[in-house]
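Got your viewer open and the sequence panel showing? Let's walk through this one stop at a time, selecting as we go.

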Amino acid sequence: MLWRPAAISLVTLAIAACGGGGGGSGETPAAPAVSLGAAPASVVSGSAATLSWTATDATDCTASGGWSGAKGTSGTQSTGNLAATTSYTLTCNGAGGSAAETATVTVTAPGAPSVTLSASPSAVASGAASTLTWTSANTTGCTASGGWAGAKATGGNQSTGNLTSTTTYTLTCIGAGGSASQSVTVTVNPPPPTPTVTLSASPTTVASGAAATLTWSSTNATGCTASGGWTGAKATSGTQSTGNLASTTTYTLVCNGAGGSASQSVTITVAPSPTVSLAASPTTVASGPASTLTWSSPNATACTASGGWRG
């Protein structure tokens, strides 16, 4: 009878299935992660940005591109003044490998400076002031010349002070892109002319109860006012009767304009009425003898005889 070792085969298989080799199991290290940014991401030529970064699961970092050298696993750094668009790369290493991040700072050409300058009002009377107002763009500073001087802010306002002559003000502002200037002129108007007035009477001497005519004119005046022998508002020129006068009277006219006022007066003399006295001595005579006539006439200029005499 043939013997078969079946049991031994089963035991061997069981031992093989349960066999274990040596060695334990472990976790895989985390891969590093890195974050890198630039603020601002766009600058004008000649300006700087700030780089900021953080890294996790990293033991060291190395910069390349627009910067270089070993870096900490977090930090900030200025790019310095930039003349061209630049990319910055940061590679960080750890037990789990390495990771890299890149940030780019875009550099743009500086804008051309511009400046506006105005005066309000642009025309003033002598001794008055105007206000200068200005703004600028793409500038770092401004300088005044002409009617004013010195360094000025890139925007603002300022009084000219009291002006006695027409004056021009210039403002020049500079920036990375060059310079710009603008001028404004404040016109000082000459003072308005002083009014003049003439006033006359015709005639200037009248008898009691008679009238005269007043005549007047004025220049650089907007209105006139009467006083003295007459009253009220008057036109800047005209004529007017005094009416019948009983006594010597003075008439005054004041005329006003932008340049001030002027006045003039005229007096109309009322002459007293003439009187006359006539006497004869003696008042009685015999036929043939003579008598003497005596007379006087205050306030008279001429006399005429009639009756027993004439001429």
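**Start with confidence.** Colour the chain by pLDDT before anything else. This is a predicted model, and its pLDDT averages 90 over the chain, with 92% of the residues scoring at least 70. Now select residues 1–24: here the pLDDT is below 50, and apart from near neighbours in sequence the stretch makes one contact in the model. Where pLDDT is low, the predicted coordinates should not be read in detail. Hide that stretch if you like, and move on.

**Next, the largest pocket.** Select V276, W295, C303, T304 and W309. Of the 14 residues lining the largest pocket, these are the closest to its centre. The space inside comes to about 240 Å³. What classes of residue make up the lining of the largest pocket? Nine are nonpolar, five are polar, and none is charged.

**Now the aromatic rings.** The structure holds seven aromatic pairs. A pair of aromatic rings is described by the distance of the centres and the angle of the planes, and both can be checked in your viewer.

Show W134 and W148 as sticks. Their ring centres are 5.3 Å apart and the planes sit at 80 degrees; anything over 60 counts as edge-to-face, so this pair is edge-to-face. Follow the backbone from each one: W134 belongs to strand β11 (residues 131–137), while W148 is in the loop between β12 (141–146) and β13 (150–152). The two are 14 residues apart, and the pair links distant parts of the chain. Both W134 and W148 are buried.

Swing back to two residues you picked in the pocket, W295 and W309. They form an edge-to-face pair too, 5.1 Å from centre to centre with 80 degrees between the planes. W295 sits in strand β26 (residues 292–296) and W309 in the segment after β26, again 14 residues apart and again linking distant parts of the chain. Are these two buried or exposed? Neither label fits: W295 has 47% relative accessibility, so it counts as partly exposed, and W309, at 31%, is partly exposed as well.

One more ring stop: select W53, W67 and Y88 together, which form one aromatic cluster.

**K152, just along from W148.** Select K152, in strand β13. Is this lysine buried or exposed? Its relative accessibility is 16%, and because the cut-off for buried is under 20%, K152 counts as buried. Turn on contacts, skip residues up to four places away in sequence, and you'll find K152 touching W134, G141, C142, A144, Q158 and L171. W134 is the tryptophan from strand β11 that you just looked at. For a distance check, draw a line from K152 to A180: they are 28 residues apart in sequence and 14 Å apart C-alpha to C-alpha.

**V206, in strand β18.** Select V206, which lies in strand β18. At 5% relative accessibility it counts as buried, because that is under 20%. Leaving out neighbours within four places in sequence, its contacts are A211, A212, L245, I268, T269, V270 and A271. Pick V270 from that list: V206 and V270 are 64 residues apart in sequence, yet their C-alpha atoms are 5.0 Å apart.

**Backbone oddities, part one: cis prolines.** Step back from V206 to the peptide bond from S202 to P203. This bond is cis, with omega near -10 degrees, and P203 lies in the loop between β17 (196–202) and β18 (205–207). Then jump to S281 and P282, also joined by a cis peptide bond, with omega about -5 degrees. P282 is in the loop between β25 (277–281) and β26.

**Backbone oddities, part two: positive phi.** Which residue in the loop between β11 and β12 should you click on? Go for N138. N138 has a positive phi of about 55 degrees although it is not a glycine, and with 45% relative accessibility it counts as partly exposed. Last stop: N220, in the loop between β19 (213–219) and β20 (223–228). N220 also has a positive phi of about 55 degrees without being a glycine, and it is partly exposed, with a relative accessible area of 40%.

Technical notes:
Residues are numbered from 1 along each chain as its sequence is written. This is a predicted model: local features need pLDDT of at least 70, side-chain atom pairs count only at pLDDT 80 or more; totals for chains, interfaces and linings use all residues. Side-chain values use heavy atoms; hydrogens and water are left out. On a 1 Å grid over the protein atoms alone, a cavity is a set of points where a 1.4 Å probe fits but cannot get out, and a pocket is an open set with protein on both sides within 12 Å along at least five of seven lines; lining residues have an atom within 4 Å of a point. Grid points are joined across faces, edges and corners, and a volume is the space filled by probe spheres set on the points. Ala, Val, Leu, Ile, Met, Phe, Trp, Tyr, Cys and Pro count as nonpolar, Asp, Glu, Lys and Arg as charged, and the others, Gly among them, as polar. Rings of Phe, Tyr and Trp (its six-membered ring) pair if their centres lie within 6.5 Å; planes under 30 degrees apart count as stacked, over 60 as edge-to-face and the rest as tilted. Helices (H or I, at least four residues) and strands (E, at least two) are DSSP runs, numbered from the N terminus. Buried means under 20% relative accessible area, exposed over 50%, partly exposed in between (1.4 Å probe, protein chains only). pLDDT is the predictor's confidence in each residue, from 0 to 100. Contact means heavy atoms within 4.5 Å.
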